[in-house]
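Please open the model in the viewer and keep the sequence panel visible. The stops below suggest what to select in turn.

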Amino acid sequence: MTKIAKNTVCLWYDGCAEDAARFYAATFPDSSVDAVHRAPGDFPSGKQGDVLTVFFTVMGIPCLGLNGGPAFRHNEAFSFQVATADQAETDRYWNAIVRNGGEESACGWCKDKWGLSWQITPLALTEAITDPDPAAAKRAFDAMMTMRKIDISTIEAARRG
């Protein structure tokens with residue numbers, strides 16, 4: 001059996017935990033599918049032999065995907081925040097999620113096709129909205145509030161005034 005982390009994020013899926021885990025492993029660095037476990041008997045949302053749990057890692061964070069059925073859905077109260085180094089990395093992750101059946105949201109947020117929220121956050125954005133000059137930080141923040149995917153050059157221009 002795979003060594004289980006002391007603290008693991010458990011994500012509830014409706015029968016698609018393995019597909020989601022494989023997408024994350026193929027998309028993000030330091031990510032992997034670590035173990036797939038099949039149900040030893042029938043359960044409320046599946047049959048014996050169906051995938052019940054998937055242990056996977058997303059950018060170094062241990063996760064458990066539980067195929068628990070349709071009772072619970074992901075929402076924005078939980079999200080993965082991905083700090084990106086530049087526009088190319090921002091575009092790569094954003095596009096991977098959105099173009100794989102996901103959807104855009106506001107201020108650097110998007111959802112994958114399984115309903116899990118992601119914040120694709122350039123380091124330049126974090127630096128801009130925490131600028132020690134309150135006016136520069138506000139300009140960058142206001143620019144961010146008009147965006148879906150973050151455009152670093154626009155954020156930096158707003159920060160400069």
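Display the whole protein chain as a cartoon: five helices and eight strands are present, where helices (H or I, at least four residues) and strands (E, at least two) are DSSP runs numbered from the N terminus. Followed along the sequence, the elements come in the pattern β-α-β-β-β-β-α-β-β-β-α-α-α. The model is predicted, so local features need pLDDT of at least 70 and side-chain atom pairs count only at pLDDT 80 or more, while totals for chains, interfaces and linings use all residues. Residues are numbered from 1 along each chain as its sequence is written, and side-chain values use heavy atoms, with hydrogens and water left out.

**The whole chain**

Turn the C-alpha trace about its principal axes, along which it spans about 60 × 30 × 25 Å. Switch to a surface display next: the accessible surface of the protein chain comes to about 8700 Å², and 53% of it belongs to carbon and sulfur atoms. Accessible areas come from the Shrake-Rupley method with a 1.4 Å probe, and for residues only the protein chains shown count as cover. Of the 161 residues in the chain, 41% are buried; buried means under 20% relative accessible area, exposed over 50%, and partly exposed in between (1.4 Å probe, protein chains only). Among contacts between residues at least 6 apart in sequence, 56% join residues at least 24 apart, contact meaning heavy atoms within 4.5 Å.

**The open sheet and helix 1**

Select residues 9-13, 32-38, 51-58 and 61-67, which are strands 1, 2, 3 and 4. In which order do the four strands of the open sheet lie? The order is 1-4-3-2, with mixed pairing; two strands pair if DSSP finds at least two bridges between them. Strand 1 and strand 2 are the edge strands, each pairing on one side only. From one strand to the next, the twist averages 20°; axes are lines fitted to C-alpha atoms, for helices over the stretch in contact, and angles run from 0 to 180 degrees between N-to-C directions.

Zoom in on strand 1 and strand 4, which run parallel and are joined by five bridges. Tryptophan 12 has leucine 66, in strand 4, as its bridge partner. Now add residues 17-27: this is helix 1, lying across strand 1, strand 2, strand 3 and strand 4 and running at about 15° to strand 3.

**Two buried neighbours**

Select leucine 116, in the loop between strand 7 (109-111) and strand 8. Is leucine 116 buried or exposed? At 1% relative accessibility, leucine 116 counts as buried. Leaving aside residues up to four places away in sequence, leucine 116 touches Leu11, Tyr13, Tyr24, His74, Phe78, Phe80, Cys110 and Lys111. A distance label between the C-alpha atoms of leucine 116 and phenylalanine 78 should read 7.8 Å, although these residues are 38 residues apart along the chain.

Move on to serine 117, in strand 8 (residues 117-122). Serine 117 also counts as buried, at 1% relative accessibility. Its contacts, not counting residues up to four places away in sequence, include Asn75, Glu76, Ser79 and Trp109.

**Salt bridges**

Show the charged side chains. Side chains of opposite charge can pair when their charged atoms come close. The chain has six salt bridges, each a side-chain nitrogen of Lys or Arg within 4 Å of a carboxyl oxygen of Asp or Glu.

Begin with glutamate 18 and arginine 22, whose closest N and O atoms are 2.9 Å apart. Both lie in helix 1, four residues apart, about one turn of the helix. Arginine 22 is partly exposed, at 44% relative accessibility.

Next, select arginine 148 and glutamate 104, a salt bridge with its closest N and O atoms 3.9 Å apart. Arginine 148 lies in the loop between helix 4 (134-144) and helix 5 (152-160) and glutamate 104 in strand 6 (residues 103-104), so the pair ties together parts that are 44 residues apart in sequence. Arginine 148 is partly exposed at 45%, and glutamate 104 is partly exposed at 38%.

Finish with lysine 138 and aspartate 142, a salt bridge whose closest N and O atoms are 2.8 Å apart. These two residues of helix 4 are four residues apart, about one helical turn.
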